[in-house]
Amino acid sequence: MNKLANKCFSKTLCILAILLQNACSEPARKPSLTEAQATTTSIPTSFTLSKDRLPNAAADGDNWLTYGRTYSEQRYSPLTQINTDNANELGLAWYYDIPVQRGMEATSLVVDGRMYTTSGWSKVYAMDAATGRELWTYDPQVPHEKGAHACCDVINRGVAAWGDKIYVGTIDGRLIALNASSGKPVWDVQTTDTSQPYTISGAPRAVKGKILIGNSGAEYGVRGYISAYDAETGEQIWRFYTVPGNPANGFESDTMKAAADTWTGEWWKYGGGGTVWNAMAYDPDLDLLYFGVGNGSPWDRNVRSPQGGDNLFLSSIVAVRPDSGEYVWHYQTTPGDSWDYTATQDIILMDLEIDGKTRKVLTQAPKNGFFYVIDRATGELISANNYVPVSWATHVDLQTGRPVETANARYENENELQFPSPFGGHNWHPMAYSPDTGLVYIPAQEASFVYNRDPNFKYSPGFWNLSVSFEPSALPEDPEELKKILPLIKGRLLAWDPVKQEEAFHIEHPGPWNGGILATAGNLIFQGTPGGEFRAYRADNGEQLWKYLAQTGVVAGPITYRVNGEQYVSVAVGWGTIFGLSIHTGQQPRSRILTFKLGGKKSLPPVKVAAVDFPEPPPMAGDPEQVARGKTLFFTRCFMCHGDGAVSGGVLPDLRRIAPEKHAIWKSIVVDGAFAKLGMPKFQGTLSEADAEDIRQYVIKRAHETRPESIRQQ
Ligand code: CA
């Protein structure tokens, strides 16, 4: 503990102090191995990922070479050493403590016995995949002020590998190439306009000597795109914008000119959205790169494109040539998106026998609740059916390829309670496909949301600009009402038959936000839960065979690989992410990589539960109108980090419990940016001093009404 941490007088301040310590001076890095030491291990000191390896990765069970294991992104491994007969003999082989206590969403890569993974703040870690021994770490030194532009925690979903390098995208919008042996940066390019609220959370992909990367920021107001960079030099090769810019500036391509015909009004003033923040896949035979495009910005089309229009390429799957970025086809899942129904959920390529013919298809279960099977050569919609309850559309018309919307789906007349919610029927948690069972395994979820036109919406550059308020969807403050609502928010592992477009079976979980899925030829599927279990099931019928208590929420996609003939299963664990920040579940971060093998004997250190301070809050001074105004502002600016109803998810400070000293400087923290270096946004320009005080009065009220119960919970 440094001097600052020694001054802690509450847990909240301790967390702040530790964050500050990280922000100001990174803790001393463990000494890296010298080359001489590295050569004494059984793993190679370097690798070269030749251009043939990625296209042929399906048969290479030893490695996990790209985010979805192969270009098809099936997350299916041919390994069978761990199977239904012995899965209950799995034990911990090793663990690696990640020093950043923020959400863990990364899918690790394994290349020739080395594992590469990432954590919050875009940090990269390399380790011996058989032992967990650290080889090197890399910190891109992201300024923590940039955390203010990360809609959904400062997470990172992993790296790409190509040649002798590892590639990571950073929260501050850079793409960095690292020497895979040493972890030393080779090149570092800014992929975004740093004056705009762009971030990168997604994993890059490597195709034909190019590194592909998109970005995030559609909740703030940016114009989405995907770019390709030369893997050797970092030189930009092409960029494909997903939404048109201001026509007065001319269009980058005929494709953008055509897309502009589907927009109305002055959308470019709001950025338009359409960020490419997650899904990509590649078909080497067709030489087509596929990527998923995100939601509109702001959410309500009525604001950004008031006379309607499909708003291409929002919520679309787009196919382009990887060498040039040339447009080939697109399929729009949600025309004129008004619901945050991104099509950025992972894309899986597979060959299916449909009506007696083998079809090369692309599948996706985007947020909007429909499962799509699309001809990946042409973009033709083959079939679509809802995989979770859907109320915004009755079905997808196969003749037109368009959803048939229900009355008031666009909440134009009044607020409309609808399924799915902006959390999606499925979010970024990767699904998997097993060619053995013919099933797609989806981390599916079921929650409603009250869509509404925010009467207070005013475009605020650099801040959240949804035009839809979360307040009508807030969890009930009354504990009895809360008990009734929570069971209605559901999550399940859904085994889906993509040919019949129907459920094969499902495993119901206690709630949503369950982990990504791995399928293996051992007739197994693996999945973590936000409740802190990592589980193995039979892939053919869902029978649970094994579980491990991970001491923290498990939401990332697991991997499997083999070193020296021994099969391992590994998963990044740690609480956080947008759900972990905003919803209180009792989980703590405890970020780690956990790796299992048959007969593994390692155990985790016991959890030390620290006492949590909940100081007496200041007296309630606000009148009901002030508290109500504060609540509305809280659900516009604060809840996504500090929790629904001001109850922290357990990662960032719980405002109900802050010390009197923090109340005294509330305005300078909220409005003037006193803690900007910790990642606490400076709200000057969108919140006045009076607004900040209204929010404080709401927090004080919540502190008073929840204090005894919160103490009991600890
Ligand atoms: Ca979004």
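In sequence, the residues that donate to the calcium ion follow the spacing E-x75-N-x44-D, in a model that is predicted. The coordination of this calcium ion involves Glu219, which is listed twice through OE atoms, together with Asn295 through OD1 and Asp340 through OD, at 2.4 to 2.7 Å. Two of these donors connect distant parts of the chain, since Glu219 belongs to the loop between β12 (210-213) and β13 (225-230), whereas Asn295 belongs to the loop between β17 (288-292) and β18 (296-297), and the two residues are 76 residues apart. Glu219 is classed as buried because its relative accessibility is 11%, which is under the cut-off of 20%. Asn295 is likewise classed as buried, because its relative accessibility is 1%.

Another loop residue, Thr70, is placed between α3 (35-39) and β1 (76-77). Its relative accessibility is 9%, so Thr70 also counts as buried. When residues up to four places away in sequence are left aside, Thr70 is in contact with Ala57 and Ala58.

In soluble globular proteins, nonpolar side chains tend to be buried together. In the present model, the largest nonpolar core comprises 102 residues, and the members that touch the most other members are Met115, Tyr116, Phe291, Phe526, Tyr561, Ile593 and Phe596. A second core, separate from this one, contains 69 residues, among them Ala279, Met640, Ala646 and Phe675. For Phe596, with residues up to four places away in sequence again not counted, the contacts include Leu90, Gly91, Leu92 and Ala93, as well as Phe534, Trp546 and Tyr548. Further contacts of Phe596 are made with Gln567, Tyr568, Val569 and Val571.

At the level of the whole chain, the domain assignment gives domain 1 (3-598) and domain 2 (624-712), and the C-alpha centres of these two domains lie 29 Å apart. Contact between them involves 35 residues of domain 1 and 39 residues of domain 2. The size of an interface is often given as the accessible area lost when the parts come together. For domain 1 and domain 2 the area buried in this way is about 3,200 Å², and carbon and sulfur atoms give 61% of it. Charged side chains also take part, as four salt bridges are found across the interface of domain 1 and domain 2. In the model, a salt bridge is also formed by the side chains of Lys677 and Glu145, with a distance of 3.1 Å from N to O.

Terms used: Residues are numbered from 1 along each chain as its sequence is written. This is a predicted model: local features need pLDDT of at least 70, side-chain atom pairs count only at pLDDT 80 or more; totals for chains, interfaces and linings use all residues. Side-chain values use heavy atoms; hydrogens and water are left out. Donors are N, O and S atoms within 2.8 Å of the metal (3.2 Å for Na, K and Ca); water is not among the atoms, so sites may look incomplete. Helices (H or I, at least four residues) and strands (E, at least two) are DSSP runs, numbered from the N terminus. Buried means under 20% relative accessible area, exposed over 50%, partly exposed in between (1.4 Å probe, protein chains only). Contact means heavy atoms within 4.5 Å. A nonpolar core is a set of buried Ala, Val, Leu, Ile, Met, Phe, Trp, Tyr and Cys residues joined through side-chain atoms within 4.5 Å. Domain bounds come from an automatic or database domain assignment. Buried area is the accessible area (1.4 Å probe) that two parts lose on being put together, summed over both.
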